[in-house]
Structures are given as structure tokens and as C-alpha cells.
Amino acid sequence: MKSKEKNMISEVPSKGLEWTNLILGACLACAAIKFAGLPLAAWNAGITGTLIVCCSAVALYRYGTWTEWSNLTVGCWAAIAPFLLGFGSVQGPMWTHVVIGLCVATIAVMQLAASRKSAVPSSTNFEARR
């Protein structure tokens with residue numbers, strides 16, 4: 001029974017971190033309403049936040065490293081988008097995108113590192129397979 005529990009836990013390295021990313025994505029998506037005066041910032045926040053929520057929800061349902069790679073990519077996009085899309089001089093939308101983007105990307109890297117560490121077979125596991 002313990003081995004089944006351990007396998008289930010190792011599917012998502014940290015559900016708490018995944019839920020954190022989901023909430024951060026929801027906050028970014030909801031911030032789109034606040035940025036209504038800047039349509040580009042609003043659209044970017046809404047789409048980017050929704051993508052983060054979707055990737056995190058999928059990871060919670062059925063974990064795959066592709067969800068973390070997606071969150072890493074979308075998080076990096078959120079952090080640089082204000083400067084590429086031209087609203088980097090507007091403090092509220094810029095800082096919201098940068099902070100949430102960096103947090104999402106950092107959590108995705110942590111999840112990828114944890115999943116990679118758990119996927120490396122130990123010498124005892126290797127010997128047991130023989």
C-alpha cells in the first residue's frame with residue numbers, strides 16, 4: 001500500500017505549488033478587468049492568466065512535465081510582455097505581469113527539478129529490476 005501512495009504522490013511533485021500557480025494565473029486573468037483602460041495589457045493578462053490556470057489544472061488532474069514547460073514558457077512571456085507589447089511604462093500592469101510571470105516560471109522550474117529528481121532511478125531500484 002505504501003508504494004502505491006508513494007507513486008501517487010510522485011505524480012505531481014508538489015500539489016501546493018501547482019495550486020499556487022493556478023491561483024496566480026487566476027489573479028492575472030482577473031487583473032484584466034483592472035487593465036481595461038489598456039486593451040493590450042488587458043487582453044494579454046486575460047489570455048496569459050487563463051493559459052496558466054489551464055496548464056495548472058491539467059497538471060493537478062494528470063501530471064505531465066509538458067504542463068510545467070508550458071507554465072515556464074507562459075510565465076516568462078508574462079514577465080517580458082509589458083516591454084515587448086509597449087505597456088512597460090505603466091506601473092500597475094507592468095509589475096503585475098512581471099511579478100506573477102516570474103513567480104509562475106520559478107514554480108514551474110521547481111516542479112520540473114522535483115519531477116526530474118524523482119524520475120532518476122536509484123541504485124536500489126535498478127538492482128531490484130534485474
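**Note on a helical chain and its core**

1. In this predicted model, Leu 28 touches a set of residues beyond its neighbours within four places in sequence, and these contacts are Ala 45, Gly 46, Thr 48, Gly 49, Ile 52, Ala 78, Thr 96, His 97 and Ile 100.

2. Leu 28 is also one of the residues with the most contacts inside the largest nonpolar core, which has 15 residues, and it shares that standing with Leu 24, Phe 35, Ala 45, Ile 52, Ile 100 and Val 104. At least two residues of this core come from each of α2 (15-34), α3 (39-61), α4 (65-85) and α5 (91-119). In soluble globular proteins, nonpolar side chains tend to be buried together.

3. Turning to α2, the buried residues of this helix are Glu 18, Asn 21, Leu 22, Leu 24, Gly 25, Leu 28, Ala 31 and Ala 32. The 20 residues of α2 should span 28 Å at 1.5 Å a residue, and this agrees with the 29 Å between its end C-alpha atoms.

4. On the surface, Trp 43, Ile 47 and Leu 51 form a nonpolar patch, and together they have about 350 Å² of accessible area. Leu 51, which lies in helix α3, has a relative accessible area of 41% and therefore counts as partly exposed, since this value falls between the 20% and 50% cut-offs.

5. For the chain as a whole, the secondary structure comes to 6 helices and 0 strands, while 38% of the 130 residues count as buried. Among contacts between residues at least 6 apart in sequence, 64% join residues at least 24 apart. The accessible surface comes to about 8100 Å², and 69% of it belongs to carbon and sulfur atoms.

Note on methods: Residues are numbered from 1 along each chain as its sequence is written. This is a predicted model: local features need pLDDT of at least 70, side-chain atom pairs count only at pLDDT 80 or more; totals for chains, interfaces and linings use all residues. Side-chain values use heavy atoms; hydrogens and water are left out. A nonpolar core is a set of buried Ala, Val, Leu, Ile, Met, Phe, Trp, Tyr and Cys residues joined through side-chain atoms within 4.5 Å. Buried means under 20% relative accessible area, exposed over 50%, partly exposed in between (1.4 Å probe, protein chains only). Helices (H or I, at least four residues) and strands (E, at least two) are DSSP runs, numbered from the N terminus. Contact means heavy atoms within 4.5 Å. Patches are made of residues with over 30% relative accessible area and no salt bridge: like charges are joined within 9 Å, nonpolar side chains (Val, Leu, Ile, Met, Phe, Trp, Tyr) within 5 Å. Accessible areas come from the Shrake-Rupley method with a 1.4 Å probe; for residues, only the protein chains shown count as cover. A salt bridge is a side-chain nitrogen of Lys or Arg within 4 Å of a carboxyl oxygen of Asp or Glu. The expected span of a helix is 1.5 Å times one less than its number of residues.
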